[in-house]
Structures are given as C-alpha cells and as structure tokens.
Amino acid sequence: MDAKYESLFTPWKIGDVEIKNRIVMCPMGGTSLFGWFELGGCHFDKEAAKLFLERANNNVGLIIPGIAPLRDTFWGKWLWQNPKMFEELKEFMDEIHKTGAKLFIQLTAGMGRSWAITELVAPLHKNKITRAIVKPIIDTSHELASPSEQPSRWAHDIICPEMTVEQIHEIIEAFAKTAKLCMDAGVDGVEVHAVHEGYLLDQFAIEFFNKRTDNYGGSFENRYRFATEVVKAIKETCGESFPVSLRYSVESKMKGFCEGAMPGEPYVEVGRSMVESELAAKYLQDAGYDMLNCDNGTYDSWYWAHPPMYMPENCNLEDVAHIKKYVDIPVVCAGRMDPEIGAKAVADGAIDGVGIARQFLVDPEWITKLIDDRLEDIKPCICCHSGCFNFSSSKGHANTQDLTDTMGLARCALNPKTMQSKKYSITPAKKAKKVAVIGGGIGGMEAAIVLA
C-alpha cells in the first residue's frame, strides 16, 4: 500500500468501541437492513445483509446501513414490535464481527415535509375519503407530519400537518426501545437520523421550518430539544457506554424554500449557518452524542449531501473540518471524498473518519484493491445518480419517478448486481466458449467484462 494512505488504516474509537480503520461506509437510501420501503412491511433484508457482508470482508472499518424508520411506512407497525427481525439481525452481526468490521444501525424519526410523496400517492392524500381508506396501509398524514404546517418539498400544494407533542414523545420512546433491541442483537452502536439534510429532526432544529410556540420551537434550546431528548432516552435505556452517532449537516446551504446555494456563491443562509452550527455541535455533544457523521445541505440543496458530478470533490471537507474545532468527539466527513485527500485530513487531525457511500455500490472490493496497490482495478463511481438515487420533481409536482424506481434505491448503473444479486446473478458457464466481441464501445466493453 502507498504510504500516503496509511493514516486511513489506523484504529480509532467511538466511545468505547474501537474501529479498525478510518473508512466509514455511510448510509444510503435503499440499504436498510430492515427493508422498510416494501409493501410487505419491515423485515430483515437479506439482500442488504449480503451487500454489507461482502463489503465487511473487503476491509471496511465501520458500516452504517441506510435509514430504518422507527415506524413502518406500510401498515404502521413500530420496529420494536418485530422481535423476529432482531433475532435475524443478531445472527447477521455474528458474521459481521468475524470480519473485524463494526456496524451501527441508523434509526430515523422520519422525513416530515421531505417525505418523497409520489405522483401515485399524492392524489390519495389530497382527498379526505381516500386518505382515510388507505390509512391502515399507509398513513400519509403521519409520514408528512412536520414541526409546523408547511408545503411538502415534493408536492407544493400539499400542506404537511403539525406534529403533536404526543407523537414527538412516542418517537423518542421508540428510539430508546429500538436502540435497546439493536444493542441486545450485538449491534455496535446506533446513529440518530438526523439533524441532517432537512429530515424531521433537522426541520425541528431549523427556525425556517419550525414555527412552533411550545417547548419544541422558538429558542435555540427548544429547536434542538427533540434531538437532545432522543439521545438522552437512548443513553438512559442502553447505558452511557453504548455509542450513539448523529448524522449532522454543518450548514444548510439554503437560500429559501426549494432553493439551494452553489459552492462559492454569495447568499444569505436561511437554514443553519456556521455561527449556529458552532454552538449546535457542542450542544449536541454535551447532550450525549458520541460522534458527528457530517456533510452539508437539506432537501432544498440536495446536491451537497450526495454530490453529483458537477459538485467538486471533497466539497464538504472545509466546513466539517471547521466544526471539529468545537467538539471533542470524533467527526466523520462525507461528500465525494477522495481517499488521498481524506487520508491527509485524518493525518492532519482535521477529521477522524472518511465517509464514503456510493463507491461501495459500484465496487465492493475497492478498499482491498487500494491496500493491494491495484488502484487501476478500482471501478470508480461516476456520480450519475441513475440507479442509487432515483428521484425527480418538476414545477412543484410530487416525485415523478415510477413508484418501483423510488422503492428500488441503492441500485447501481455500473454494477447491476448491487442490491439485485438474484436478478443479475453471474455464474460460470458449464461449458466454456471462445467469444469474439465486435466493437469497443460501452456495450462491447461491458460484454467483455461479463463474459470474462
């Protein structure tokens, strides 16, 4: 291995849990171990488990699967009400630990106004009668519940209802109960989702979205109360030594509703500014969080949180390195992170871990190849978002993608086997043949790879 990468392969600790190297496989929609966005309801997702075990066998230090909603999107069952799922999780964790990797489960309070309501579901919600009819299957009002009444991010003519205090307390209790089940199943820690990317807890924290007049709105302390009560409840139930990470956006990069800022653009921040973030990071640490897993952005500036090709590499590093100065807990940075730049940032003490996500979808062996000095063999993520992140909206309409596409996140345009290993299983031919591939374009090259 090239010496410039050596800092990536040094151990570090999150609370009392030691991680063997500094590479964190960050959470991505569609990679939940609890298969939440499927009509059959929450279940232990064996396809996701297979994906993570393959990466664990290829030298990743810490794995954080995609979000697991505390309450099932379909049928409304709470995660903690499904003991069989956690029994299967325990068996899986035994296999993960044999590889030397660690795994945190990411639990989400929900999406609020960012819930990706689709063109198919939007009409059902708008009509009171159909909304009541489908409620036992999918409670759209619960999914859209936000800190205050406000338009949906995806369908501007739908007004999200204000979440009740009773609902808030129910979610806090569910965090604690589910975290305890995760701990008992051998999971190494949990990550709270999130004061990040404009999801529900972030909407409560950001004054632009939160117009409440009770104990969960108004002052800085009130706006961050939901997130702090969550970690305190988890620690009370699981003990102080059980690590709790927080997915955290340093800055919102927002100019207004559905209007984000670009790198280097002068603008007035309407979300969380760096000045507030300096205070918030320390406040959240003092509440009990053991790590900040960071990037930038909200659903109004989505390209910061999972940058497409037009965003610069390491686009969040400067902001994340800045916020590390205000806390004593480990800080991870994600967002088109280049391993060489990430290694230098770790060596310099600017960050503690390098968060990488979509590169794991396209090439499960990329860390092993880096260790073995086979950089030319690494298939790079091209940041196309074509398979891993299939959402689109136009002129205030809801998510216009087909529902099956929305439900099938974490696929990869360059690696069809990702999260579809049964559908695109490649096995050796029973009888070998000599094949001539005519044409050296994309199709010819892919054909040659697959045939070989």
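**Exercise 1. Aspartate 372 and its partner**

Determine whether aspartate 372 is buried, partly exposed or exposed, and find which residue forms a salt bridge with aspartate 372.

Solution. In this predicted model, aspartate 372 has a relative accessible area of 43%, and since partly exposed covers the range between under 20% and over 50%, aspartate 372 is placed in the partly exposed class. The partner is arginine 374, with the closest N and O atoms of the pair 4.0 Å apart. Arginine 374 is itself partly exposed, at a relative accessible area of 29%.

**Exercise 2. A further contact of arginine 374**

Find how far apart the closest N and O atoms are in the salt bridge between aspartate 377 and arginine 374, and classify aspartate 377 by its accessibility.

Solution. The closest N and O atoms of aspartate 377 and arginine 374 lie 3.4 Å apart, and the two residues form a salt bridge. For aspartate 377 the relative accessible area comes to 37%, which makes this residue partly exposed.

**Exercise 3. Aspartate 214 and arginine 212**

Give the N to O distance of the salt bridge between aspartate 214 and arginine 212, and then assign each of the two residues to an accessibility class.

Solution. The side chains of aspartate 214 and arginine 212 meet in a salt bridge with an N to O distance of 2.8 Å. Aspartate 214 is partly exposed, having a relative accessibility of 26%, whereas arginine 212, at 5%, is buried.

**Exercise 4. The count and a network**

State how many salt bridges the model contains, and name the residues that are linked with Lys253 in a network.

Solution. The count of salt bridges comes to 23. Lys253 is joined with Glu251 and Asp319 in a network of salt bridges.

**Exercise 5. Cysteines and disulfides**

Explain why cysteine 26 and cysteine 42 do not form disulfides, using the distance from each sulfur to the closest cysteine sulfur.

Solution. The cut-off needed here is a sulfur to sulfur distance within 2.5 Å. For cysteine 26, the closest cysteine sulfur belongs to cysteine 333 and is 9.0 Å away, so the pair is too far apart for a bond. For cysteine 42, the closest cysteine sulfur is that of cysteine 182, at 12 Å, which is likewise too far for a bond. Both residues are nevertheless buried, cysteine 26 with a relative accessible area of 2% and cysteine 42 with one of 14%. The count of disulfides comes to zero.

Notes. Residues numbered from 1 in each chain as written. Predicted model: local features only at pLDDT ≥ 70, side-chain atom pairs only at ≥ 80, totals over all residues. Heavy atoms only, no water. Buried < 20%, exposed > 50% of the residue type's maximum accessible area, 1.4 Å probe, protein only.
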